[in-house]
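Open the model in your viewer and keep the selection box ready. This tour tells you what to select next and what is there.

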Amino acid sequence: MSKTIIIMGESGAGKTTSMRNLNPETTFYVDADKKGLNWKGWKEQYSLDKKNYMSTSDSKMIKSLLNKINAEQTQIETVVIDTLNGIMIDEEFARMKEKNYDKWQDLAYSIYDIVAYANTLRDNLTIVFVAHSQTERDDTGFYFTRVKTSGKKLDKIVIESKVSTVLLAKCVDSKYIFETKNNNSTVKTPLGAFEEETIENDIVKVLEALKDY
C-alpha cells in the first residue's frame, strides 16, 4: 500500500518550497497550478525531457499518469501533486456555464478519485498532495483550519480522511515550519512519528520520519 500525505497551508506558507530537497531522480512533480517551482535551479532538476515533470490540472490525465508511474516508472518513489486546488478551480471554471447539480458531483468525484486511487499504488511510492488551507472563525472566537475545497460535496467527503498524514505549513516569526499536531485543525500524523509540535518544513525529513509507518 502506498503512502499519502497532504501538505496544506495559505499562499506563501512554504508548501512548494518544502519540496526543494527531494531527489529529482526518484521524484515526479505534477505542477497543477502551472506556475513552476520556486527555488533556483528547479528547471535543471525537473522537466519533460527528464520525464519527471508535468504541468497539468486535468484530473483524468493525472490519474493516468499515476497509473503509468506505478507500473512503468518504478524508479519514482515520490509523486508531488501541487496543488489539489489547482485541479478543483480549473475544472470548475471549465464547466462554469453548466448550471446543473451533476457538475458539482463530478467535480467532487474527480478529486476524490485521485486521492482514493493514490492509496492503492505500490508499497514504495508516496504521493504528496499540496493544498491551500482555509481557516473558519465563529462569533465566539473559535477557529478551525482545513483543506480549502470547492463545493459542499467535497466538504462532506473530508479529503483529509483519505490520507494518513496531514501537515500544516506556516511562517512563524520569519521561520517556515510544519505543524504536526491537531491545533484546531485537521492536522494528523501517525502515533509516535513526530514528538515535536512543529518541525522544519522539509518534506525529505517528513518522509524519513514516516518510513517505518
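Buried means under 20% relative accessible area, exposed means over 50%, and partly exposed lies in between, using a 1.4 Å probe and protein chains only. This is a predicted model, where local features need pLDDT of at least 70 and side-chain atom pairs count only at pLDDT 80 or more, while totals for chains, interfaces and linings use all residues. Residues are numbered from 1 along each chain as its sequence is written, and side-chain values use heavy atoms, with hydrogens and water left out.

**Stop 1: salt bridges**

Select glutamate 200. Glutamate 200 is partly exposed, at 36% relative accessible area. Now add lysine 205. The two side chains meet in a salt bridge, 2.5 Å from N to O. A salt bridge is a side-chain nitrogen of Lys or Arg within 4 Å of a carboxyl oxygen of Asp or Glu. Side chains of opposite charge can pair when their charged atoms come close. Lysine 205 is also partly exposed, at 46%. Add Arg20 to the selection: salt bridges that share partners join Arg20, Glu200 and Lys205 into one network.

How many salt bridges does the structure hold? There are six. Try another one: select glutamate 179 and lysine 170. Their closest N and O atoms are 2.9 Å apart. Is glutamate 179 buried or exposed? Glutamate 179 is buried, because its relative accessible area is 10%. Lysine 170 is partly exposed, at 33%.

Next, select lysine 211 and glutamate 208. They form a salt bridge too, with the closest N and O atoms 2.9 Å apart. Glutamate 208 has a relative accessible area of 48%, so glutamate 208 counts as partly exposed.

**Stop 2: two loops**

Select aspartate 139. Aspartate 139 sits in the loop between β5 (126–137) and β6 (143–147). Strands (E, at least two residues) and helices (H or I, at least four) are DSSP runs, numbered from the N terminus. At 85% relative accessible area, aspartate 139 is exposed. Now select threonine 17 as well. The two are 122 residues apart in sequence, and their C-alpha atoms are 35 Å apart in space.

Move to threonine 186, in the loop between β8 (175–179) and β9 (198–200). Is threonine 186 buried or exposed? Threonine 186 is buried, because its relative accessible area is 17%. Show glutamate 160 too. A polar contact of 2.8 Å joins the two side chains. A polar contact is a pair of N or O atoms within 3.5 Å; within protein, one must be able to donate a hydrogen and the other to accept it, and residues adjacent in sequence count only if both atoms are side-chain atoms.

**Stop 3: the cores**

A nonpolar core is a set of buried Ala, Val, Leu, Ile, Met, Phe, Trp, Tyr and Cys residues joined through side-chain atoms within 4.5 Å. In soluble globular proteins, nonpolar side chains tend to be buried together. The largest nonpolar core here has 31 residues, and Ile6, Val79, Ile81, Leu84, Ile127 and Phe129 touch the most other members. Which helix gives the most to this core? Select α4: α4 gives five residues.

Select valine 79, in strand β4. Valine 79 is buried, with a relative accessible area of 0%. Leaving aside neighbours within four places in sequence, the contacts of valine 79 (heavy atoms within 4.5 Å) include Phe28, Leu66 and Ile127. Add phenylalanine 129. The two are 50 residues apart along the chain, but their C-alpha atoms are separated by 8.4 Å.

**Stop 4: rings**

The whole structure has two aromatic pairs. Rings of Phe, Tyr and Trp (its six-membered ring) pair if their centres lie within 6.5 Å; planes under 30 degrees apart count as stacked, over 60 as edge-to-face and the rest as tilted. Select tyrosine 29 and tyrosine 46. Their centres are 5.8 Å apart and their planes lie at 65°, so the pair is edge-to-face. Both tyrosine 29 and tyrosine 46 are buried.

Now select tryptophan 42 and tyrosine 53. This pair is tilted, at 5.5 Å centre to centre and 45° between the planes. Tryptophan 42 is in helix α1 and tyrosine 53 in strand β3, eleven residues apart.
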